[in-house]
Number of protein chains: 2
Amino acid sequence: MRRDVFQAIADPTRRAIINMIAHQPLNVNTVTENFDVSRTAVYKHIKILTECGLIEIKQQGRERFCEAKLQKLNEVSDWVEQYRQFWKARLDSLDIYLKEAQSKKDAKPTKGKGARR
Amino acid sequence: MRRDVFQAIADPTRRAIINMIAHQPLNVNTVTENFDVSRTAVYKHIKILTECGLIEIKQQGRERFCEAKLQKLNEVSDWVEQYRQFWKARLDSLDIYLKEAQSKKDAKPTKGKGARR
DNA sequence: TAATTTTGTAACCAAAAGGTTGCATATTTT
DNA sequence: AAAATATGCAACCTTTTGGTTACAAAATTA
């Protein structure tokens, strides 16, 4: 059971849930009202979000309020930002690379790498 | 068949592929060499990444070079950043501050200048 | 030309994901 | 106490996902 934040935000319903409770904590039924699927389905999404740390559930009487813990999105942010330099700096890098590869190949042909397995 | 960038980066193997080719385009076999799964499995991941626009494949002879198109990560970046205010605004107590400092320390031990070409 | 290398893809499989209904339990409300 | 409300969860189902093997085709090498 993989429970990381990348997998958690992959589902559009879960992203919508995050959006709902980012502004204010809501109980399970209130969250459910905004979706076409059953309460159980929404509950499962909430559970997944809880398990990866994106939300926290606090009991209040018979209700459970879901509160967003968006610090966890830092994991995603950090992963994405490490690549920003690449999409800013590199334009048309393949052509450059292929030219280099071609001249290397001319000078010193590569040996076969062998088939896997 | 949902093919959005959030779903694409949910899989750890696909994130690893992105990381490999972010620095330079590689052909399919070279990408495969770094994983324990079959070439076909890797190829499927590459196809998914292509279908959502995160990479592009360019033929050169019998090889296909996979080039990262990381601009697409802007979709993820934008989605995450819209919530930054929420998790920044709530850093008001000492223990939250300390917790965040600790996770930063754990998450990115090397914060150097980054790759340079 | 024949063999090798690199890739694309079909057919198939097991496990995970996302959904449902139904029921049990704890808390209000009446 | 009885009814209503809010939730947790088991059991089950279907589709998707991630993987495999096997084979075909194109390009390169010997």
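Which residue takes a positive phi in the hairpin of β2(A) and β3(A)? The residue is G61(A), with a phi near 65 degrees. The legends below place this hairpin among other close-up views.

This is a predicted model, in which local features need pLDDT of at least 70 and side-chain atom pairs count only at pLDDT 80 or more, while totals for chains, interfaces and linings use all residues. Residues are numbered from 1 along each chain as its sequence is written, chains are lettered from A and ligands numbered from 1 in the order in which they are written, and side-chain values use heavy atoms, with hydrogens and water left out.

**View 1. The β strands of chain A.**
Strand β2 (residues 55-60) of chain A pairs with β3(A) in the antiparallel sense, over 6 bridges. Strands are DSSP runs of E with at least two residues, helices are runs of H or I with at least four, and both are numbered from the N terminus. Two strands pair if DSSP finds at least two bridges between them. Across this pairing, Q60(A) stands opposite E63(A) in β3(A). The hairpin has 2 residues between the strands. Strand β1 (residues 26-27) of chain A also runs antiparallel to β3(A), joined by 2 bridges. There, N27(A) has F65(A) as its bridge partner.

**View 2. The hairpin of chain B.**
In chain B, strand β2 (residues 55-60) and β3(B) run antiparallel and are joined by 6 bridges. E56(B) faces E67(B) of β3(B) as its opposite residue. The two strands form a hairpin with 2 residues between them. In the turn, G61(B) has a positive phi of about 65 degrees.

**View 3. The protein surface near DNA strand C.**
There are 22 residues around DNA strand C. A residue is near a strand if one of its heavy atoms lies within 4 Å of it. S38(A), K44(A), H45(A), R39(B) and Y43(B) come nearest. Of the strand C atoms within 4 Å of the protein, 63% belong to sugar or phosphate, and the rest belong to bases.

Three polar contacts can be picked out here, each a pair of N or O atoms within 3.5 Å (within protein, one must be able to donate a hydrogen and the other to accept it, and residues adjacent in sequence count only if both atoms are side-chain atoms). A polar backbone atom of N29(B) is 2.7 Å from a phosphate oxygen of strand C. The side chain of R64(B) has an N or O atom 3.2 Å from a phosphate oxygen. R62(B) reaches a base instead: a polar side-chain atom lies 3.1 Å from a base oxygen.

The elements giving two or more residues to this surface are α4 (39-51) of chain A, and α3 (28-32), α4 (39-51) and β3 (63-68) of chain B. The largest share, 5 residues, comes from α4(B). By class, the surface has 4 nonpolar, 8 polar and 10 charged residues. Nonpolar covers Ala, Val, Leu, Ile, Met, Phe, Trp, Tyr, Cys and Pro; charged covers Asp, Glu, Lys and Arg; the others, Gly among them, are polar.

**View 4. The protein surface near DNA strand D.**
Around DNA strand D there are 23 residues. R39(A), Y43(A), S38(B), K44(B) and H45(B) come nearest. Sugar or phosphate accounts for 65% of the strand D atoms within 4 Å of the protein, and bases for the rest. A phosphate oxygen is 2.7 Å from a polar backbone atom of N29(A). Another contact pairs a phosphate oxygen with a side-chain N or O atom of Q7(B), at 3.2 Å. K44(B) places a polar side-chain atom 2.4 Å from a base oxygen. α4(A) gives the most to this surface, with 5 residues. The classes are 4 nonpolar, 8 polar and 11 charged residues.

**View 5. Aromatic rings.**
The whole structure holds 6 aromatic pairs over all chains. Rings of Phe, Tyr and Trp (its six-membered ring) pair if their centres lie within 6.5 Å; planes under 30 degrees apart are stacked, over 60 edge-to-face, and the rest tilted. F6(A) and W79(A) form an edge-to-face pair, 5.6 Å centre to centre with 80 degrees between the planes. F6(A) lies in helix α1 (residues 5-8) of chain A and W79(A) in helix α5 (residues 74-81) of chain A, so the pair ties together parts 73 residues apart in sequence. Both F6(A) and W79(A) are buried (under 20% relative accessible area; exposed is over 50%, partly exposed in between; 1.4 Å probe, protein chains only). F6(A), W79(A), Y83(A) and F86(A) form one aromatic cluster.
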